[in-house]
Amino acid sequence: WDLELTSFRNEIHPGYKASRGEPPADLAPQFALCNEVTRALGVPVIGIERFEADDVIATMTAHALDDGADVVIASSDKDLCALVSDRVSLFDPRSEALLGPAGIEARLGVPPDLIPDFLTLVGDAVDDIPGVPGIGAKTAAALLRRFGRIEDIPADPREWAGLELRGAARAARALADGKAAIALARQLVRMREDLPIATRVADLRWHGADRGALT
């Protein structure tokens, strides 16, 4: 869970998720109730101060893989697509699609391991991550599919031969001028997989609801 409205990312970039504002007055009291109901249902609630639910999910995914389990992440959040692998899939509740690596690439244009680089370049309006001005999703996906990581993209657009990109020279200048934006976005999009969470797969086994508490 998100335990707070801010995280360590706000210390890096005060504008992170700033456009979301405060929750409605009638919603805020429901957070504690949802927590209480979830626990009464017998489902563990895991959260770490200064970190987001995405970081918790990334850490728990790493734990599960270490424990020999396969993982299904239920979310439509494209940040979490970066965790998908041959043993981790993403279930999108909106489309009811279960996506593996091929499904993620078909949806976003790059394989899961390049999602952080993709989001670094294009930004994320939902989270108020600026990205690199002048680099759109199609350009970012084409460059990353061809060259891999951002650092491996040649500075000289003449070395981009074979890529059907409009305005290659302009895009190369945008990358050169956007080094500060790239460095900032990298810190914001990277999910933490090393949080101090002691919970392991065995601790997640469901033993039923606490009927008294639930009632």
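Buried means under 20% relative accessible area, exposed means over 50%, and partly exposed is anything in between, using a 1.4 Å probe and protein chains only. Keep that handy, because cysteine 81, at 4% relative accessibility, counts as buried.

Before you start clicking: this is a predicted model, where local features need pLDDT of at least 70 and side-chain atom pairs count only at pLDDT 80 or more, while totals for chains, interfaces and linings use all residues. Residues are numbered from 1 along each chain as its sequence is written, and side-chain values use heavy atoms, with hydrogens and water left out.

**Stop one: the cysteines**

Select cysteine 81, the buried one, then cysteine 34, which is partly exposed at 41% relative accessibility. Don't go hunting for a disulfide (a pair of cysteine sulfur atoms within 2.5 Å); the count is zero.

**Stop two: the largest nonpolar core**

A nonpolar core here is a set of buried Ala, Val, Leu, Ile, Met, Phe, Trp, Tyr and Cys residues joined through side-chain atoms within 4.5 Å. The largest has 42 residues, so show Leu121, Ile135, Leu144, Trp160 and Leu175, the members that touch the most others. Now colour the elements that each give two or more residues to this core: α3 (53-66), β1 (71-74), β2 (88-92), α4 (101-108), α5 (115-122), α6 (137-147), α7 (168-177) and α8 (179-189). Helices (H or I, at least four residues) and strands (E, at least two) are DSSP runs, numbered from the N terminus. Which element gives the most to this core? That's α6, with six residues.

Zoom in on leucine 144. Leaving aside neighbours within four places in sequence, leucine 144 is in contact (heavy atoms within 4.5 Å) with Val110, Leu114, Asp117, Phe118, Leu121, Arg149, Ile150 and Ile153. Apart from the largest core lies another one, of eight residues; select Phe8, Ile46, Val56 and Ile197 among them.

**Stop three: salt bridges**

Side chains of opposite charge can pair when their charged atoms come close. A salt bridge here is a side-chain nitrogen of Lys or Arg within 4 Å of a carboxyl oxygen of Asp or Glu, and the whole structure has 14.

Pick arginine 186 and aspartate 117, whose side chains meet at 2.9 Å, N to O. Arginine 186 sits in helix α8 and aspartate 117 in helix α5, so the pair ties together parts that are 69 residues apart in sequence. Aspartate 117 is buried, at 1% relative accessibility.

Next, try aspartate 70 with arginine 87, a salt bridge at 3.3 Å, N to O. Aspartate 70 is in the loop between α3 and β1 and arginine 87 in the loop between β1 and β2, 17 residues apart. Aspartate 70 is exposed at 60%, whereas arginine 87 is partly exposed at 31%.

Then select aspartate 194 and arginine 192: the closest N and O atoms of this salt bridge are 2.7 Å apart. Arginine 192 is partly exposed, at 21% relative accessibility. For a network of salt bridges, show Arg9, Lys17, Glu52 and Asp55 together.

**Last stop: two positive phi angles**

Where does glutamate 96 sit? Look in the loop between β2 and β3 (97-99). Phi of glutamate 96 is near 60 degrees, a positive value in a residue other than glycine, and glutamate 96 is exposed at 63%.

Finish at aspartate 128, in the loop between α5 and α6. Aspartate 128 also isn't a glycine, yet has a positive phi of about 60 degrees; this residue is partly exposed, at 23%.
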